Amino acid sequence: MNVSDSERAASLLYKSGFELADSSDTADVVIINTCSVREKAEKKALRRVEEISRSRKADAPLIGLMGCVAQLEGASLFETAPAIRFVVGTGATERIPQLIRKAEEEKVSDLGGRQLPFESDIAPVARRSARVAFVPIIEGCNKFCTYCIVPYSRGRERSRPANEILFEVRSLLAQGFKEIHLIGQNVNSYRPKSSAGFEKFQGATPFSRLLRAVASTGIPRVKFTTSFPRDFHADIVKAIEENENLCNWIHLPVQSGSDRVLRAMRRGYKADDFYRHVDAIKGACRRIALTSDIIVGFPGESHSEFEETLRLVGRCGFEGLYIFKYSARRGTPAAKLSDAVEESEKTERFMALEKLQATVQRKIYNNLVGKSMAVLAEGTSAKSSDDLTGHTSCQKVVNFRGGRGLLGEIVNVRVTELKSHSLYGEALGVL
Ligand code: 5AD
Ligand code: SF4
């Protein structure tokens, strides 16, 4: 989501006559996009402001903050980090060019609301990849999980009209993009005001209808994140089964394996409901990779409740898992709970879960060695310029031997080796 927001901001700036600099060492203006989901990310952004202003003392750039921290903290950031000259809230992205001009005169903060429709025609220079593009379909969140700051920093759910999404996907296809990611805090809560653009498509939910409509554009690969368990419908799995270009990957954050903790988090489902979704996903006729998020050390999480999470992870066979230590966010209901889990205990739970997941994952990855997989050649590998790197349909990173002529192609790769977080292989040919 943040990468997509940064691209949109960069595109707007480019179209307003700004040039995009290669590095913050030479730029005249530096904009830091921020995330406030956990305290660590927030602190890191402010440290970055300090680093830049210290290293560029002689020719100080105009420094601005955008994103969730900007939205939540507003003008108070001018006191916390005096080097900041402008603050752009999550809804004010389209006004960045004007804000920069104003900031040359005085410090400015804009936390105003976003005007739909949002920037969809991203300038190619502002894209991080020429092969994979992010397409927002829904913004904000109405779920109000008790630990989460997002509904406050990004506001209520707003679905983008289907015809606008389909127009963007078709235009990406014409530009040569091979893969799109439909993104949003909860993509499967997608609920546009009208069905304009996808009337012809069937689906048990607006999201599964949208998936079928997007698949019909013929874009080679469609991925989507993040799905919300309570709004998950088996018709999503059916849509994937019906359409080869809907990729074999679902990210479905469970957060905890304990019903009591899930209730305290206000997630709106029980572990059994989650298992039902897992069964639907695992029962698909194509192998679909399931990944998830988990928070350890939510206030009051007992050791036996944590063990329920361990059991769930052992049972679900996630192909990837993001584990987070609970971080209290000011203004959220959970921040008012008194029975905090000790930091050292959180770390222990984090490590125990990480260890279990590593075992689960190694087994899954090991099974892929010797198999051929379709990999989108996205770039050259960071480790060796002789190797290319890309993702499978099931979102595994694969590095492989192959000439630069394969860049941008979907390549058949035979997996030969398992590395710590990726697979290694050799190109067999273009698919
Ligand atoms: N503390 C720790 N992790 C959090 N997440 C969201 N809010 C918090 C918090 N306060 C995690 C959730 C979510 C992911 C994006 O971040 O697991 O799925
Ligand atoms: Fe946060 Fe819950 Fe919304 Fe996800 S669904 S963004 S965790 S409030």
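In this predicted model, the charged end of R209 sits over the ring of F198. The distance from the ring centre is 4.6 Å. A second charge contact involves K143, which lies over the face of F228. Here the distance to the ring centre is 5.2 Å.

F228 also takes part in ring pairing. The count of aromatic pairs comes to 7. One of them joins F144 and Y152 in an edge-to-face arrangement. Their centres are 5.5 Å apart, and their planes meet at 80 degrees. F144 has a relative accessibility of 23%. That value is not under 20%, the limit for a buried residue, and not over 50%, so F144 counts as partly exposed. Y152, at 35%, falls in the partly exposed class as well.

F228 and Y269 form another edge-to-face pair. The centre-to-centre distance is 6.4 Å, with 75 degrees between the planes. F228 lies in the loop between β9 (221-225) and α9 (234-242). Y269 lies in the loop between α10 (259-264) and α11 (271-282). The two residues are 41 apart in sequence, so the pair ties together separate parts of the chain. Both F228 and Y269 are buried. Elsewhere, ring pairs link Y147, F298 and Y326 into a cluster.

Several of these residues recur around ligand 2. Its surroundings include F144, Y147, F228 and K143. Three cysteines, C141, C145 and C148, also belong to this shell. The remaining members are V150, P151, Q185, N186 and R267. By class, the shell holds 8 nonpolar, 2 polar and 2 charged residues.

The strands give a further view of the fold. Strand β11 (residues 289-296) pairs with strand β12 (residues 320-325). The pairing is parallel and runs over 6 bridges. Within it, V296 stands opposite K325 of β12. Helix α12 (residues 303-316) joins β11 and β12 in a β-α-β unit. The unit is right-handed.

Further along the chain, V398 has its place in strand β15 (residues 397-401). V398 has a relative accessibility of 0%. Buried means under 20%, so V398 counts as buried. V398 and A81 are 317 residues apart in sequence. In space, 41 Å separates their C-alpha atoms.

Key: Residues numbered from 1 in each chain as written. Chains lettered and ligands numbered in written order. Predicted model: local features only at pLDDT ≥ 70, side-chain atom pairs only at ≥ 80, totals over all residues. Heavy atoms only, no water. Phe/Tyr/Trp six-rings, centres within 6.5 Å; stacked < 30°, edge-to-face > 60°. Buried < 20%, exposed > 50% of the residue type's maximum accessible area, 1.4 Å probe, protein only. Helix = DSSP H or I, 4+ residues; strand = E, 2+ residues; numbered from the N terminus. Lys NZ or Arg CZ within 6 Å of the ring centre and 35° of its normal. Near = heavy atom within 4 Å. Nonpolar A, V, L, I, M, F, W, Y, C, P; charged D, E, K, R; others polar. Pairing = 2+ DSSP bridges. Right-handed = clockwise from strand over helix to strand, strands pointing away.
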